Amino acid sequence: MKVPFVDLKAQYLSIKPQIDAAIQKALEETSFIGGHYVETFSKQFASAYGVEHCKPVGNGTDAIYIVLKMLGIGAGDEVITVANSWISTSETITQTGAKPVFVDIEPLHYTIDPSKIEEKVTSRTKAIIPVHLYGHPADMDAIMAIARKYNLFVIEDCAQAHFSRYKGQNTGIIGIAGTFSFYPGKNLGAYGDAGCIITNNAELAKKCSMFANHGALVKHQHQMEGINSRLDSMQAAILSIKLPYLNAWTEARIKNAQLYNILLKESALVLPAVTEDVRHTFHLYVVRSKRRDQLQQYLKTKGIETAIHYPTILPLLPAYSYLSYKPEDFPVAYAFQQEILSLPMYPELTHEAISYVSNMIEAFENENSVK
Ligand SMILES: *Cc1c(COP(=O)(O)O)cnc(C)c1O
């Protein structure tokens, strides 16, 4: 049996007539940039999310950069973020001229460890970017308490956490802004690059719109210099078709995770832990193994595709060698980077496939007497 890591085609085929019609219609209208598709999707997303403003942008990386810039963050400032994430979270800090300051992860949910944030706060600190990694919300109460104490902005990186919930609230509306990616493989994925910013702050929303569109809300009236980061109409039309299905897709991910949990219960793997009072949307189903590389290799020979998120924690990447961080600065994240493994996860994943993956993990453990 072959089990891919993700299967975007299965999802496309399940809604093909609607998607094809939407693309054809946008094409015939020669609606390519901006226009009613983008307007409609933004409203639809804001209303589904229960937030005042949704500003579509070109991708999830720009979404973070734009928010940081429009909050006035730049040279001389520091922004605290988490050691284990995709590089967008930290490279956007650098793009503004500010310095990224990394904090270790907490061992249960792999999100930023709030108990290690305060020691990193200096007089230059302006903001914290928690990442709701893999779909599990970061510990927002603790983070917001620190932010209030030191008067810091909190920008939630929700690229992996569409409609995740923390104590009844959707992630992304707890801090000043939430940023989303609609990269094809994300829980809500376009058919190209796409992203958005959500906020209840009208002033920030307006500035973000302006900056993303060359600093002009009205054509030719540039209030400032900006960038070109727009959601194109075709992507917006596709996202509008897909959004109504997202809840069912997310529930399917959660069910798949539950099935893995049951079938892998007796294995030697450390399974994902979910705190009470949150909705983990399982963008990724990440386990830990002391023999990760061997296990990954074994699964590959059985036709099972897995991945690692992420093989090297951000502060130890060559890109950040100038900051001179050491592995000992991030004991948890560093230890886990050798152990984490993302198993196949997508809504259309079948029970047979999950059983097969689980059986192959059991076979690996038996053959290698792992237990
Ligand atoms: C995907 C991702 C991003 C960036 O999104 P793009 O749309 O690819 O630019 C940012 N942060 C995290 C945590 C991500 O997973």
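This briefing covers the ligand site, a small set of paired strands and the cysteines of the structure above. The model is predicted, and every value below was computed from that model. The ligand is surrounded by 15 residues, and the protein buries 93% of the 380 Å² that the ligand exposes when taken alone. A search of the whole structure finds 0 disulfides, and an open sheet of 3 strands is described after the ligand site.

**Ligand site**

- Of the 15 residues that surround the ligand, the closest are Gly60, Thr61, Asp157, Ser181 and Lys186.
- By residue class, the shell around the ligand divides into 5 nonpolar, 8 polar and 2 charged residues.
- Helix 4, which spans residues 60–70, and helix 5, which spans residues 88–95, each supply at least two residues of this shell.
- Gly60 approaches the ligand through its backbone, where an N or O atom lies 2.8 Å from an oxygen atom of the ligand.
- The side chain of Lys186 places an N or O atom 3.1 Å from a ligand oxygen, and the side chain of Asn59 has an N or O atom 3.5 Å from an oxygen atom of the ligand.

**Strand pairing**

- The open sheet has 3 strands in the order 7-6-10, and their pairing is antiparallel.
- Strand 7 (169–170) and strand 10 (278–279) stand at the edges with a single partner strand each, so one side of each is left without a neighbour in the sheet.
- Strand 6, made up of residues 165–166, pairs with strand 7 in the antiparallel sense over 2 bridges, and the bridge partner of Arg165 in strand 7 is Asn170.
- As general background, strands of a sheet pair through backbone hydrogen bonds, in either a parallel or an antiparallel arrangement.

**Cysteines**

- A disulfide is a covalent bond between the sulfur atoms of two cysteines, and the search of the whole structure finds 0 of them.
- Cys54 is in no disulfide, and its nearest cysteine sulfur, that of Cys196, is 3.8 Å away, whereas a disulfide is counted here when two cysteine sulfur atoms are within 2.5 Å.
- Cys54 has a relative accessible area of 7% and is therefore buried, given that the term applies under 20%.
- Cys158 is likewise in no disulfide, with the sulfur of Cys196 as its nearest cysteine sulfur at 8.9 Å, and Cys158 counts as buried because its relative accessibility is 0%.

Note on methods:
Residues are numbered from 1 along each chain as its sequence is written. This is a predicted model: local features need pLDDT of at least 70, side-chain atom pairs count only at pLDDT 80 or more; totals for chains, interfaces and linings use all residues. Side-chain values use heavy atoms; hydrogens and water are left out. A residue is near a molecule or strand if one of its heavy atoms lies within 4 Å of it. A polar contact is a pair of N or O atoms within 3.5 Å; within protein, one must be able to donate a hydrogen and the other to accept it, and residues adjacent in sequence count only if both atoms are side-chain atoms. Accessible areas come from the Shrake-Rupley method with a 1.4 Å probe; for residues, only the protein chains shown count as cover. Helices (H or I, at least four residues) and strands (E, at least two) are DSSP runs, numbered from the N terminus. Ala, Val, Leu, Ile, Met, Phe, Trp, Tyr, Cys and Pro count as nonpolar, Asp, Glu, Lys and Arg as charged, and the others, Gly among them, as polar. Two strands pair if DSSP finds at least two bridges between them. Buried means under 20% relative accessible area, exposed over 50%, partly exposed in between (1.4 Å probe, protein chains only).
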